[in-house]
Structures are given as C-alpha cells and as structure tokens.
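This note is addressed to a colleague who is meeting the structure for the first time. Please read the points below with the sequence and the coordinates at hand.

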Amino acid sequence: MSYIPPKIWKSNNHSNNHFFNAQRAIAGARFEKKLPVGKNPLQLYSLHTPYGIKPNIILEELAEAGVVNAKYDAYSIDIGRGDQYGSDFVDINPNAKIPVLVDYSINPPVKLFESDAILQYLAEKHQKFIPTSPEKRAVCMSWLFWQAGYSPYVGGGFGHFYAFAPEPMEYPINYFTLEVKRQLDVLNKYLVDKTYFCGDEYSIADMAVWTWYGRLALGQVYGSGEFLQVDGYPHLQRWAKYIASRPAVQRATRLSLQPIP
C-alpha cells in the first residue's frame, strides 16, 4: 500500500531503523557530558565520515607544511552511542553534528562547527591552502560551497537510500543516483585540464571535494563504485588518486581518534 502523508506529522517508531530512532524533532543537549581537553592548542572532536575527514586533512597538511602552532588532539565522537548530544558538544555545535574544533590559542577560545567552516578558518589563520589572488580565491570558495551544497545528495540522499534504508526503494535510489552521476560528470569535465580545482594550486577546495567525491570515485564510499560506474570518469579518477597519494591525506584517513569514556 502506498504511503499517504497524514495531515499532521507525528513521530513514531520507524521499524527499528537506528537512523530514525537516534533523531528527535527537537534540538539541544540530552545529557551532561564533559569533553576532554588535551595539551595542544587545537581540540578536534570527530569521526571518520566524509565530513569528519576534512579537518583531519588540513591539520595533517599543516603539520606537513611545518606549521608548529597548529598541533592538535583528536577525540572520537561515537554517534551510535549519542556522544554528539552531550552538553559540552552541543555547546560547541548547537546542531549536534560532527566535526567540531576548538581553538584554545585564543582567549576566549574559538568554537567551530561545520567541516567547511573549519577548513576555511584554519586556512585563513595560517595562510595555507587558500589562494591569495582574488581570482583564484573566488574559484576556491565557489567549489568549497558547491561541495557544501551538493554533497547532501550523496550522503543523505543516495547513500541513505542505497546503503542504509530499511529496504531498497527504486524511486529514491534512481532519483539520487541520477543526480550523483550528474555531479560526477560535472567534476570530470571540469578537471579535464586541471591538476587541482584552482589550477596548479592545491587548496581546501580539493580537500573538501575529495572526502566525498574523490573517495566515491575510488569506490570507497557506500561500496557503490560498480553501481555508479565510477571508471567512466577518468579525469576525476586521476585527480582523486593524486590527492589520495599525498602523505598528509593518507595519514588523515588513518588518524587515530582518542576514545571518550
């Protein structure tokens, strides 16, 4: 029987689907929970999702570039356990999503949420991985915000219905697959004659796009490489492999996150 939306939506049990059951229609902390603070100026609280890997990359790239005042401690936020709804975490991010970063080198400390905001903040603070010329900076920020706007089609759209929904549903899978393949084609055509998104300059745009689309092109997201025929995007593949070969990126994807008791 087809689903008919009621006149007024009410929350209920959604077939024991943990994605629904972890959600509530209200915001705010659910319990008191202190977050540990290490000895370094930057404190990262995250998980190795595509969003979570972005700060890992820029922090490791800053270390690779010899930036000594960007040292950090990294802690694991177990979203399955609900760590993101603890009081300290929600104080940093009212939206209760990973990743978050706190910069204790400034008084009062700077609290950051949203992965792309973290990338931009660290790049601007240390004047690394963000172009200085207005023209290239415009390109960098355009692709950074493109990724922010369109990656939800990959994660919350395609990824959810392809990999996590309680049962496969043809319409949403087809709908989001069509859009994701269009996006992959956008990137493949753009990168046909470019080493990086800003031409010859590696930037936070590459870091942000790679965590979603580069890893998707390499078959590392949702086990969907064959389904999406990612081999059909050779320029995107070339760029994705090139970024993946960077030592800092390799460290970032293997980064050990300290558990929180």
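The numbered points below deal with aromatic rings, helix packing and backbone geometry.

1. Status of the model. The structure under discussion is a predicted model. The values in the points that follow should be read with that in mind.

2. Aromatic pairs. The structure holds 22 aromatic pairs. A pair of aromatic rings is described by the distance of the centres and the angle of the planes. One of the pairs is formed by Tyr-153 and Phe-176: the ring centres are 6.3 Å apart and the planes stand at 55°. Planes under 30 degrees apart would count as stacked and planes over 60 as edge-to-face, with the rest as tilted; the pair of Tyr-153 and Phe-176 is therefore tilted.

3. Placement of that pair. Tyr-153 belongs to helix α5 (residues 134-164), whereas Phe-176 belongs to helix α6 (residues 170-190). The pair therefore ties together parts that are 23 residues apart in sequence. As for exposure, Tyr-153 has a relative accessible area of 30% and is partly exposed. Phe-176, at 17% relative accessibility, counts as buried, because buried means under 20% relative accessible area.

4. A further tilted pair. Tyr-196 and Tyr-202 also form an aromatic pair, with 5.5 Å from centre to centre and 50° between the planes. This pair is likewise tilted. Are Tyr-196 and Tyr-202 buried or exposed? Both residues are buried.

5. The aromatic cluster. Which residues join Tyr-153 and Phe-176 in one aromatic cluster? The other members are Trp-143, Trp-146, Tyr-150, Phe-161, Tyr-171, Tyr-175, Tyr-190, Phe-197, Tyr-213 and Trp-239.

6. Charged groups over rings. Two tyrosine rings deserve inspection for what lies over their faces. Lys-194 is placed over the face of Tyr-190, at 4.2 Å from the ring centre. Over the face of Tyr-202 lies Arg-246, at 3.7 Å from the ring centre. Tyr-190 is a member of the cluster in the preceding point, and Tyr-202 is the partner of Tyr-196 in the tilted pair.

7. Packing of α6 with α7. Two packed helices are described by the angle between their axes and the distance between the axes. The axes of α6 and helix α7 (residues 204-217) come within 11 Å and cross at roughly 105°. Angles of 65 to 115 degrees count as roughly perpendicular, and α6 and α7 are therefore roughly perpendicular to each other. On the α6 side the contact is made by Val-180, Gln-183, Leu-184 and Leu-187, and on the α7 side by Val-209, Tyr-213 and Leu-216. These residues divide into 6 nonpolar, 1 polar and no charged.

8. Packing of α6 with α9. Helix α9 (residues 234-244) packs with α6 at an angle of about 75°, with the axes 7 Å apart. That angle makes α6 roughly perpendicular to α9. From α6, the contact uses Leu-184, Leu-187 and Asn-188; from α9, it uses Pro-234, His-235 and Leu-236. Here the division is 4 nonpolar, 2 polar and no charged. Leu-184 and Leu-187 of α6 also take part in the contact with α7.

9. Trp-239. This residue lies in helix α9. Trp-239 is buried, with a relative accessible area of 0%. Which residues are in contact with Trp-239, leaving aside its neighbours within four places in sequence? They are Leu-191, Thr-195, Tyr-196, Phe-197, Asp-206, Val-209, Trp-210 and Gly-214. By contrast, Phe-31 lies 208 residues from Trp-239 along the chain, and the C-alpha atoms of the two are separated by 43 Å.

10. Cis peptide bonds. Ile-98 and Pro-99 are joined by a cis peptide bond with omega of about 0°. Pro-99 has its place in the loop between α3 (87-92) and β3 (100-103). The bond from Asn-107 to Pro-108 is cis as well, with omega near 0°. Pro-108 is found in the loop between β3 and β4 (110-113).

11. Positive phi angles. Ala-96 is not a glycine, yet has a positive phi of about 55°. Ala-96 sits in the loop between α3 and β3 and counts as buried at 8% relative accessibility. Gln-127, also not a glycine, has a positive phi of about 50°. Its place is in the loop between α4 (115-126) and α5. At 52% relative accessibility, Gln-127 counts as exposed.

Methods
Residues numbered from 1 in each chain as written. Predicted model: local features only at pLDDT ≥ 70, side-chain atom pairs only at ≥ 80, totals over all residues. Heavy atoms only, no water. Phe/Tyr/Trp six-rings, centres within 6.5 Å; stacked < 30°, edge-to-face > 60°. Helix = DSSP H or I, 4+ residues; strand = E, 2+ residues; numbered from the N terminus. Buried < 20%, exposed > 50% of the residue type's maximum accessible area, 1.4 Å probe, protein only. Lys NZ or Arg CZ within 6 Å of the ring centre and 35° of its normal. Axes fitted to C-alpha atoms, helices over the stretch in contact; angles between N-to-C directions. Parallel < 35°, antiparallel > 145°, perpendicular 65-115°, else oblique. Contact = heavy atoms within 4.5 Å. Nonpolar A, V, L, I, M, F, W, Y, C, P; charged D, E, K, R; others polar.
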